[in-house]
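Me: I would like to practise reading labels off a structure. Can we go through some together?

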Amino acid sequence: MSTRIPERIPSAVPSRAAGPATPLSANTPAATASPAPRAAPADHFEARSPNGPAATPVPPRPGGTPVPTYTDDADPMKHIAYLASDALQGRDSPSDGLSAASAYVQQLAQKYGLEGPNTLNPSNPYQQRFPVFSFLDKGGGAGLAHDDDAWSHGTHKEFGHTLFQEGFYLDEAMPADTRELLTQKYEATQQATGKALAPRSGPMSVDELRQAAQQDGKAENTLALLKGTGPHADEVIVVMAHLDHVGTTRGQVNNGADDNASGSAVLLASMPELVEAQKAGKLDRSVLFLWTGAEEKGLVGSQYFVDHPIPGLGLDKISGVINMDMVGRWDDQRLSVVDTNTRNTPNYFRDLLDTANQRMTDPFDRLNRDINQYRDRQDGAVFSRKGEDVLFIFEGLSNPKGGGDLIEEYHQPTDDIEKIIEDNGGNKPRRVKDLMVDIIQQATNRA
């Protein structure tokens, strides 16, 4: 079946911004363009004024596909256009760009009445902030401490990350099992440089780990809670996507339109419809939206979230997790998923996914289930290890029947919104959003 180019794409108006623009305000109508917030300092968040200067539109790159102006909050392309703009400088963790993306998410959540659930951060309950560390290179040549030029994400040829692959968090509340994983990571770096390991009887202490590390700053998870209205309202379905990307490389911005402005935008675009379902009493369980930071460092934000439960939203309250990563590319009739547990047995999301697809006016022709090798290389793996049912949606491989190679633009400056438009006119993320709204509603009302 041929790729569909939706009629609702307006005539092309260049929108690649030269700088950040005005944030959403609570009174911004959905039918008008909502400009973007100014970047916050990497270690501080403050409310943005709704009266800041608007961005000056500039033409697309020479030879590039014109980018329309999208105005509908329920259209993922509107949010991709901002999150993948040059103004955010690749949303590294930590960075002003990631903080600006977090502010954008928060303001849309406030506009639709979602709550900030993190009572442990009363100054901004929509955020969960955490320090980001990396191991020092003490002359061994491992190159563990890094800067933008030396730490080139462009060399990655395999999707995703293992836990703490390129960074980690440290604090006194870090559980022993997480410290053990980090200790093993540290020992592997030492062995790689030929250094002997001292005998140990347990994981390194936080102080010992801190002596071997440098703090790179603070990043944030961004959270928003849509409360259910039924008897299971104290339970939550977590729907998540990583908000960060890999920043700049040798002066070039890696905008990460597909990775992972696309998944983040699908979450944002689902808010209006899910809020309407809640108002109609059609959400039994609550929905916790979670945009993680520092996923590109090694699933750091998701591990921090699990290790530092939000009051009332611990693992005992989670009834399923949906994670979306790179869902914008290729044609709009294919979708790849992982809907099995660590024993490779289908979890409850498989039936929900098939039902939702069958109910679409134009179902996906192909639901590929051959990407299980990526189960442990995405944020959902942190929850799977704790026994949670996880649905992972990922569409970054080239074979239309499943499998194949990563997109050529993976962790490259060429991962721009123009590529999504060229592939499917923006219809792919829209269709993923429609599918996800149905799956989320089913999960919240599951017996």
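Me: Why is Asp75 called buried or exposed here?

Reply: This is a predicted model. Asp75 has a relative accessible area of 6%. Buried means under 20%, so Asp75 is buried.

Me: What makes Arg430 and Asp75 a salt bridge?

Reply: Their closest N and O atoms are 2.9 Å apart. The cut-off is within 4 Å, so the pair counts as a salt bridge. Arg430 is in helix H11, while Asp75 is in the loop between strand S2 and helix H1. The two are 355 residues apart.

Me: How do you know which label, buried or exposed, fits Arg430?

Reply: Arg430 has a relative accessible area of 2%. That is under 20%, so Arg430 is buried.

Me: What makes Lys297 and Asp92 a salt bridge?

Reply: Their closest N and O atoms are 3.6 Å apart. That is within 4 Å, so the rule is met. Lys297 lies in helix H6 and Asp92 in the loop between H1 and helix H2, so the pair ties together parts that are 205 residues apart in sequence. Both residues are buried.

Me: Why do Glu172 and Arg210 get their accessibility labels?

Reply: Glu172 has 59% relative accessibility. Exposed means over 50%, so Glu172 is exposed. Arg210 has 32%. That falls between the two cut-offs, 20% and 50%, so Arg210 is partly exposed.

Me: How do you know that Glu172 and Arg210 form a salt bridge?

Reply: Their closest N and O atoms are 3.4 Å apart. That is within 4 Å, so the pair qualifies.

Me: How many salt bridges does this rule give?

Reply: The count comes to 27.

How values were computed:
Residues numbered from 1 in each chain as written. Predicted model: local features only at pLDDT ≥ 70, side-chain atom pairs only at ≥ 80, totals over all residues. Heavy atoms only, no water. Salt bridge = Lys/Arg side-chain N within 4 Å of Asp/Glu carboxyl O. Helix = DSSP H or I, 4+ residues; strand = E, 2+ residues; numbered from the N terminus. Buried < 20%, exposed > 50% of the residue type's maximum accessible area, 1.4 Å probe, protein only.
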